[in-house]
Amino acid sequence: MAASAPDGVGSSSETGLNLLALTSQIAAIEEVFARLFRIRQGCGHWPSLVMWTCLMSELSTTFSNAAPTASTTANDDSAGGAAPDNAEADVVIALEGVVAVLGNFPALAGVSLTVQRGEIVLLKGPNGAGKTTLLRLCAGLLPVERGTASILGFDLVTQRQLVRPHVGLLGHQNGLYLDLSVRENVEFWGRTVGASAQEIASAMSRMGVAERLADVPVRKLSAGQKRRTSLACLVARRAQVWLLDEPHAGLDAAGRDELDATLGQAARSGATILVASHELERAGGLATRSVEVVAGQVVTDTNEPLGSE
Amino acid sequence: MNTVAVARLIAAKDLRVERRSKIVTNQVLPFAGITMVSFAFALDKQNVLDTVAPGLVWLATMFSLLIIVQRTFAIETDDGALDAMRVAGVDPRAIFIGKALALGVQLLMLEAMLFGAAVIFYGESIPSEHVFASVVLLVTTMLSATCGLAAVGTLYGGLAAGFKGSETLLPLLTLPAVAPVLIGATKAVESAVGTSGAVVSEGWQWVGLLTVFAVAAVVGGALAFGPLIDD
């Protein structure tokens, strides 16, 4: 009969391993200083260089392994940024039985979801249900552990890096440079994808930040104006899929109205939008479809917008 | 957009942010100057200062480097811009090269000021018999050392930016890694200014070390930066 490990054995062995790793890191740092001292004592500079290159490479690896998770996906962006031909061109997001883990926790436990071009889909559900994880997975920031997933025809398992230029993720932060003006921010993000001056001006105009606000430093903007600037950056860098996490948070009534108008306009222009929100009345009125996520799974999926319920 | 064009864009953006915020000019440069004055107070004997001045200049550079690196990544993390760049699929090599370029420009400004401070506070001077050769050695040392410092600072700055407690982690990672630059640049500058009878020709082997270190740091950094900042 196989003996099962008593409770606590796993955690104490994990603690032991962590201590071992910490001890080895301290030993590595001690070794750095010891060798440094010997270099100072006058050994030749070529052996020093070789030794330092090896040491630093080892230290980088050590600390890199200590990072939350290291990407293992090949950075093969040389393949180009154009979306591949998709037999079903209107299907923008296609997830089937997708599993994603955060550490050892299965944050998504078999999500299946299909989203068509131009849809505004509301993701609802309690805290910790997996909404934000789902958005991050669609943005190519999390690996797919199991299942099949594609965004704009790119396979999220093998082409995660290629998905990123085509999606925009707006989370709790806006991704702006606070010391630069609105115009400078939109220009910067637009130019990273080679957008023309006309495209940049058009993006600013669409989001209502072209005139009075254009030369104001972002630091001086209201929360709503920062959101609009951030959305202008998404438009300027030609994001086709907008992934928005609690976009109404921190906005006053006027700011929320402005944001809703902006999102509606973007969807009419062909953008596909996923909105994770707890503010069901507000986001539901905007959405064309609502999906409920609970415990990492899609439990309801209805084409009835919440505003009509 | 190719990698070089995006790197230029990022470097220009970083320098523009610095021009607006004036953190380096109003805070880091005065800090470096105060460090030099403090060294002069602590080693208040002219013969000691003559001997150690080149090392003190590079030590002050290292300390200031840590502040500039923290600042250069603070502008990326204040409002989640580094994450936004990852989501936007910006080539990590372009981010690395762009940020290292901007950091290098700021470091060169800093080093020029510190050498000026060494002349004023420590009475350093270039030997009159080899002025041209000494100046060439000094400038080459500054350029090669700056490349190495900027590359290592950017690499570890990017790595530390993803950690809680990055303020304390950054010096722990960076100072050991830039020790070869401290040693090589100090020796080369000693040769350039003739400290303790050193001659200019002795300095070039240290410039060789600094150059190889800089190339290794730039190439290694460009390759490692993507995986290090990626979740």
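This is a short tour of a predicted model, with stops in chain A and then in chain B.

**Stop 1: chain A as a whole**

Start by selecting chain A and colouring it by secondary structure. You should find 9 helices and 10 strands there. Of the 309 residues in chain A, 39% are buried. If you like contact maps, here is a number to keep in mind: among the contacts in chain A with a separation of 6 or more, 70% are between residues 24 or more positions apart.

**Stop 2: the four-stranded sheet**

Next, select residues 91-102 of chain A, which are strand β1, and residues 105-116, which are strand β2. These two run antiparallel and are joined by 9 bridges. To see one of the pairings, pick A:Ala94 and look across to its bridge partner in β2(A), A:Thr114.

Now follow the chain from β1(A) into β2(A). The two strands form a hairpin, with 2 residues between them. Stop at A:Gly103 in the turn, where phi is positive, at about 70 degrees.

Which strand does β1(A) also pair with, over 5 bridges? Add residues 146-151 of chain A to your selection: this is β4(A), and β1(A) runs antiparallel to it. A:Ile93 is a good place to look, since its bridge partner in β4(A) is A:Ile151.

With β5 included, the view shows an open sheet of 4 strands in the order β2-β1-β4-β5 (chain A), with antiparallel pairing. β2 and β5 (154-155) of chain A are at the edges; each has a single partner strand, so one side of each lacks a neighbour in the sheet. While the sheet is on screen, a reminder may help: side chains in a regular strand alternate between the two faces of the sheet.

**Stop 3: the six-stranded sheet**

Staying in chain A, show the strands of another open sheet, this one with 6 strands in the order β6-β7-β8-β3-β9-β10 and mixed pairing. The edges are β6 (167-170) and β10 (297-302) of chain A, each of them pairing on one side only. From one strand to the next, the twist averages 20 degrees.

Zoom in on β6(A) and β7(A), the latter being residues 241-245. They pair in the parallel sense, over 4 bridges. Select A:Gly168 and you will see A:Trp242 of β7(A) standing opposite.

Then bring in residues 253-268 of chain A, helix α8, which packs on this sheet. This helix touches β3 (120-124), β7 and β8 (272-276) of chain A, and its direction makes about 145 degrees with that of β8(A).

**Stop 4: a helix pair in chain A**

Keep α8(A) visible and add helix α7, residues 223-236 of chain A. The two pack with their axes 9 Å apart, at an angle of about 15 degrees. An angle under 35 degrees counts as roughly parallel, and α7(A) and α8(A) are therefore roughly parallel to each other. The crossing of α7(A) past α8(A) is right-handed.

To see the contact itself, show side chains on both helices. On α7(A), the residues include A:Arg227, A:Arg228 and A:Leu231; on α8(A), they include A:Glu258, A:Leu259 and A:Thr262. By class, this contact has 4 nonpolar, 3 polar and 3 charged residues.

Before leaving α8(A), click on A:Gln265, which lies in this helix. Is A:Gln265 buried or partly exposed? With 13 other C-beta atoms within 10 Å, A:Gln265 is partly exposed. Try a distance from its C-alpha to that of A:Met207: the two are 58 residues apart in sequence and 9.4 Å apart in space.

**Stop 5: a helix pair in chain B**

Switch to chain B and select helix α6 (residues 131-161) and helix α7 (residues 166-177). They pack at an angle of about 150 degrees, with axes 9 Å apart, and that makes α6(B) roughly antiparallel to α7(B). Their crossing is right-handed.

Among the residues in contact are B:Val152, B:Tyr156 and B:Leu159 of α6(B), together with B:Leu169, B:Leu170 and B:Leu173 of α7(B). By class, the contact has 9 nonpolar, 4 polar and no charged residues.

**Stop 6: B:Lys187**

Finish at B:Lys187, in helix α8 (residues 179-193) of chain B. This lysine is buried, with 23 other C-beta atoms within 10 Å. Leaving out residues up to four places away in sequence, B:Lys187 touches B:Gly203 and B:Trp206. For a last distance, take B:Glu202: it is 15 residues from B:Lys187 along the chain, and their C-alpha atoms are separated by 8.6 Å.

Note on methods: Residues are numbered from 1 along each chain as its sequence is written. Chains are lettered from A and ligands numbered from 1 in the order in which they are written. This is a predicted model: local features need pLDDT of at least 70, side-chain atom pairs count only at pLDDT 80 or more; totals for chains, interfaces and linings use all residues. Two strands pair if DSSP finds at least two bridges between them. A residue is buried if 20 or more other C-beta atoms lie within 10 Å of its own, exposed if 12 or fewer, and partly exposed in between; C-beta atoms are placed from the backbone. Two residues are in contact if their C-beta atoms, placed from the backbone, lie within 7 Å. Axes are lines fitted to C-alpha atoms, for helices over the stretch in contact, and angles run from 0 to 180 degrees between N-to-C directions. Angles under 35 degrees count as roughly parallel, over 145 as roughly antiparallel, 65 to 115 as roughly perpendicular and the rest as oblique. A crossing is left-handed if the near helix is turned anticlockwise from the far one by less than a right angle, and right-handed if clockwise. Ala, Val, Leu, Ile, Met, Phe, Trp, Tyr, Cys and Pro count as nonpolar, Asp, Glu, Lys and Arg as charged, and the others, Gly among them, as polar.
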